[in-house]
Every structure is written in structure tokens, then in C-alpha cells.
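User: I would like to go through this model step by step, with the reasoning set out before each answer. Please begin once the structure is in view.

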Amino acid sequence: MAASVETTIARSAQMQPLATSHLFEASEPLLLDCGQSLSPYAIAYQTYGTLNAAKSNAILICHALTGDQHVANVHPITGKNGWWETLVGPGKPIDTTRFFVICSNILGGCLGSTGPASINPATGKAWGLDFPVITIGDMVDAQVRLIDHLGIAQLFSVVGGSMGGMQVLEWAARHKERVLTAIPIATAAWHSSQNIAFHEVGRQAVMADPDWAKGAYLAAGVVPRRGLAVARMAAHITYLSEKALQQKFGRNLQDRAKRSFSFNADFQVESYLRHQGSSFVDRFDANSYLYITRAMDYFDLAAEHGDVLANAFRGTTTRFCVVSFTSDWLYPTAESKEIVQALNAVAANVSFVEIDSDKGHDAFLLDEPEMFDCVRGFINAAAAKIGIGKQAKA
Amino acid sequence: MNDMDATQTERPILRAPAPSRVDHLLIAEMVAPSARVLDVGCGDGELLQLLVDTKAVDGRGVEIARERVNACVARGLSVIQGDADRDLADYPDDAFDYAILSLTIQATRNPRTVLQHLLRIGRRAIVSFPNFGHWEVRTKLMLTGRMPRTSNLPDRWYETPNAHLCTIKDFADLVKAIDARVERTVVFNWSGSQLSPRSPLGLQNLFGEKAVFLMRRPEPGR
């Protein structure tokens, strides 16, 4: 998701692999949950640090809805810091001097991995709406192929927030033996009705824009800027909290002393949202937004396991650290607690912390020292148990 | 994870305990090495850390106070934010070798239900509690006519988290009522010394400040 992830991409529509990212081009087709088979496909990814000889120090970072693989490097296009540099880097809780960190652009994304803006080999044109509808499980399956390709049998940890946390849970459920520790943050085991509703508003905004051209805007040489911007504006509100908005903007007016008695952006909060919307359009593909939000809506880990969430984790030996934030109303603490309950029901090894923050859902991307301490402590304890070296003093 | 426990590194053995937590040392002595342990009401993780350090247990904690949970996780313990009254029902039978409730049962809403859950979740349950039958408590109530405050029970009646204080005799009655089997009882006096297990219950109830019960549920058919 991530508002503060203005880190990311500054390009519209057509997405070629970036020169700075590695590209894994799969040789085998990917069988998708919808029943279709996708081939060819490619996954763009970044790595940090060094894989040790035992290949036991690899950590996979899973990004959120509008994130990308540039988790801990200056973005090659925007020039901004990596979207999770607060958590990942030398001496950080996920310490790249000890761990080999991998972050890939998700399947369906628009920064180098195969998605609806990629070329459909059957037509020679962008996939558009011919791209198959994908799921969180499909994203994870593509990551599994990448991890296979890198020769890593077991990940030391899989870490992600929001939609990234859904991928973490899917990894832990589908590939128990390959996940030593899992850190799902600000997430849920299923998408709530309210969250589906917000996503539907966003999708309808995109599709209502005539420049969406029934999904074929790339061929038409246009971009549904207005629709995608409105989608982003609506979504952005859900990433914050009422308190955070009120504290940041209040009822302050933007560059004027009085109301203008018009529909201009009189209020600072309006101006802020408009900026969020328009800058997002410059870095994100509208169809990718439709496909990825759909994948999140479809996510329901319990439904995949006989409507009993605990079944998803039965037999797990993974150590979990579940994190939520007090003011996150998009993925509230109660939904993290459901995950914890399911893990307790199979007597899994789980830690659960709720971090006190007024920053809303976005808190997981921001400077939250208590979260950093918990992640650091959890990772260090697990690393000590398998003999991965101590962290150098910061 | 078992493979992880096997590689648990040596750490310094017992630090000198606060005399108030002699019950921790006793509990650590009761727990078998490498056991699976759930510490309900684990606070800042002192007992859990002791068990991890000295017995290499696979330890988990439940704690109601968020700041304490986060402090535990930050020091590398597996702890969840939760409530003994509400969350023990989530765990399956026999999930742990020991389910521990250290100086917490008197603060629960339903001590009987909590104790039954402990005996269900753990093959053994270890419960420690402050003894309200201690002579100092009795005399303070009798002589002052006010709720007694002692070093063991320092809070005023309107501030204390304790909701269900009991004496050693009371607790023994509850154990009998739910048909649990007591394997060992240890009672500590004010100085942290153990009272002789052979002394009569009435005397232990008078001179004991804290008690620790090691219990298990009766085997089926007995």
C-alpha cells in the first residue's frame, strides 16, 4: 500500500525491466489459481548483503500494493530512499551485513515483473484485461520459483506489511518447511468487506475514466490519469487515521487566507490528497492497480483450508512474530489476533505485539522504534538459535 | 522448534534472584530440561528468560500489558499480548509440558476456569500465589480493621489488580474440587525459605507468604 512509498517508481504505463534490478525469466509456465497457465513470465528483484555458504541467512521482503523491489536502495528513478530503509539496511533490524535480503516486484506488478502492462506474446501487444486474474498465492508461487532459482532451500525469514503480510501468511501456509521465521505486519488472513468495498471504489474510479479505454489505454496511447488519481486519493485516506489527518492538516487553508467559495483545493488536506493522486499516476499502471487490488480482495486463507484458519498452519514449525498498530483501522488489531488465535490453536511458536501509534495503517512504513525493537529482538533470537553471527554494534 | 532448542547456547546460570521471586527459582527447578512451557501472565519475561537460560525450554508467554509484551519480544522471547481469562481457550489439549501461572491466579476473573485450562493445555500446571492466610495479613485485618497491606500485597484495595485472593487451604480446596492431582507443594516464608513439607497444613497456611503447587489432571478412569 503505502502512502509514504513515494519512494517508488516515476513512470507511467509501459514497464520495462529496470537496468538496476535483476531479472529472473522463468523457463517453466506458472499454473495460476484461476486455472490458466502463465508463460513466459519474469520477476524483477533486488538483493542486499551476501548469501552465506550454508544459504541459511536469506530473508525475503514482500512489498505491499503499490510498493516495489527497491526496499533498501535509492530509487533509480525517483532518487528517493528505499521504502523500508527504516527497517532494512546495514545495522538496521533486518541487518544487511548479516542477512541476504531479497525483494521482488510481485507478479502483476509494474516495475519489471510480468503484469498487465507487459507484452502478451500471443498478440505482441500489452496484456491489458487479457492478463489472467491472479491471487496472493500466485504471487507467492512466482516468488517460490525465484527462491528455487537462487538455490535457497529455506528462508530465514519472510517479512512484509499489509499485502506483503498476506504473502508472508501464504508462504507460511503453503511452504511450511521453507520458512524458518515469519513476520506478518499490519495485515489480515482475509480481506474484510470494508476493505473490498474501498477497493471497489478505486477500481470503479479507474474504469469510469474514458481514458481507461476498456483496459486498452496503452494501445490507445492514453493514461486514465483522473480515474487512477481518484482511486489513490480514496485509498490514501484509509492508510491514515482521523487523528493523524486532524493533527497534520486540521481545517487549515491552502495558500489562502479565506475560503474561495469554489471547488478549488481550499483546504490543505484537499491539496495533499490531490498531490498524492497525481504523483501516483506517474509511477503506477492503472491495470496493475486493478489486478493487485483484486488479488487482495480474493485473499482468504481460511477459505483455502476448509474455512478453518488454524488448518492453514497445522504442522508448522515456523516461528511467527505478528505485529499490529493501535490506530490501523484498515487491518485492525482484531484481525491480527485472529491469526494469533489460529496459531495458538496449533500450538505454533508465536509472538504478537501491538504497537501504540496514531499513524494509522501507514505506521508500518514509518519511524516506529517499538516495532524496530520487536523485529530486531525476534530476529536476533532466532538467528542465535541457528548460529547466524551476532549483530555488529551499531 | 526442536532443532533450534538443541543448539541453545550456554548462558550464565542463575543470577542472584530478588528474594521476592524465590518462586521463580523453585519453578525453574521443577521444570524438566527442553520442555515446552507456557508462562501465563509472564510480565517482563523474568521467569521465561530464567527457564530459557537454565533449562533451554521452548518457552512462550502470555501477558496482558502491551508494553511488557513488547519488551519481552524485544529481548527475544516468544510472547503474545493476551488475557488469561479469555485466551487460554484457544490452545489445544497437551500443547505444553508445563503451563505456569506465577503470582497471577489471584488477578484473574475466573480462577477455577483458568486453572482447568492450565491443566488441559499443560501436562502439568504450576501455580504460585500469595497466601492470604499468612499471620501478618490476619493480624493486620484483625488489629486495624482495614484491608491488610504487606510487602507481598502492597496495593491499596482500590488499586490492586488482585480480584480473587485466597489462602493455601482455599487453593487446596479448589484443587480438590476440580479433581486435580497435586504432585508437590512448596510454601515459602517471609525470608524466602521453604517451610518443611512435613509441617501441618494449618501451620503452612499461617507462616507461608507464597505457595507453589505442581499439579496434573487425573488420568482418565482414575
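User: How many Å separate the centres of domain 1 of chain A and domain 2 of chain A?

Analyst: This is a predicted model, and the domain assignment of chain A gives domain 1 as 22-190 + 301-385 and domain 2 as 196-293. Taken over C-alpha atoms, the separation between the centres of domain 1 of chain A and domain 2 of chain A is 26 Å.

User: How do the residues on the side of domain 1 of chain A that touches domain 2 of chain A divide into nonpolar, polar and charged?

Analyst: The contact between these two domains of chain A involves 23 residues of domain 1 and 17 residues of domain 2. On the domain 1 side, the residues divide into 11 nonpolar, 8 polar and 4 charged.

User: Where does the largest nonpolar core lie with respect to the two domains of chain A, and why?

Analyst: The largest nonpolar core has 177 residues, of which I59(A), I61(A), V101(A), V323(A) and V73(B) touch the most other members. Helix α11 of chain A, residues 369-385, gives the most to this core, with 8 residues. Because domain 1 and domain 2 of chain A both give residues to this core, it lies between them.

User: Which residues is V323(A) in contact with, leaving aside its neighbours within four places in sequence?

Analyst: V323(A) is among the core residues that touch the most other members. Leaving aside neighbours within four places in sequence, the contacts of V323(A) are I183(A), I185(A), A186(A), V353(A), I355(A), M371(A) and C374(A).

User: Which element gives the largest share of the side of chain B that touches chain A?

Analyst: Between the chains, 21 residues of chain B are in contact with 26 residues of chain A. On the chain B side, the elements that give two or more residues are α4 (66-74) and β3 (78-81). The largest share, 5 residues, comes from α4(B).

User: How does the radius of gyration of chain B stand against the globule rule for 222 residues?

Analyst: Chain B comes to 9 helices and 7 strands. Its radius of gyration is close to the value that the globule rule gives for 222 residues, so chain B is as compact as a globular protein of that length, the radius being 17 Å against a rule value of 17 Å.

User: Over which residues of chain B does pLDDT stay under 50?

Analyst: Chain B averages a pLDDT of 89, and 90% of the residues score at least 70. There is nevertheless a stretch where pLDDT stays under 50, for which the model has 21 contacts beyond four places in sequence, and this stretch is residues 1-17 of chain B.

Technical notes
Residues numbered from 1 in each chain as written. Chains lettered and ligands numbered in written order. Predicted model: local features only at pLDDT ≥ 70, side-chain atom pairs only at ≥ 80, totals over all residues. Domains from an automatic or database assignment. Contact = placed C-beta atoms within 7 Å. Nonpolar A, V, L, I, M, F, W, Y, C, P; charged D, E, K, R; others polar. pLDDT = per-residue confidence, 0-100. Helix = DSSP H or I, 4+ residues; strand = E, 2+ residues; numbered from the N terminus. Core = buried A, V, L, I, M, F, W, Y, C linked by C-beta atoms within 7 Å. Buried ≥ 20, exposed ≤ 12 C-beta atoms within 10 Å, placed from the backbone. Rg over C-alpha atoms; globule rule 2.2 N^0.38 Å.
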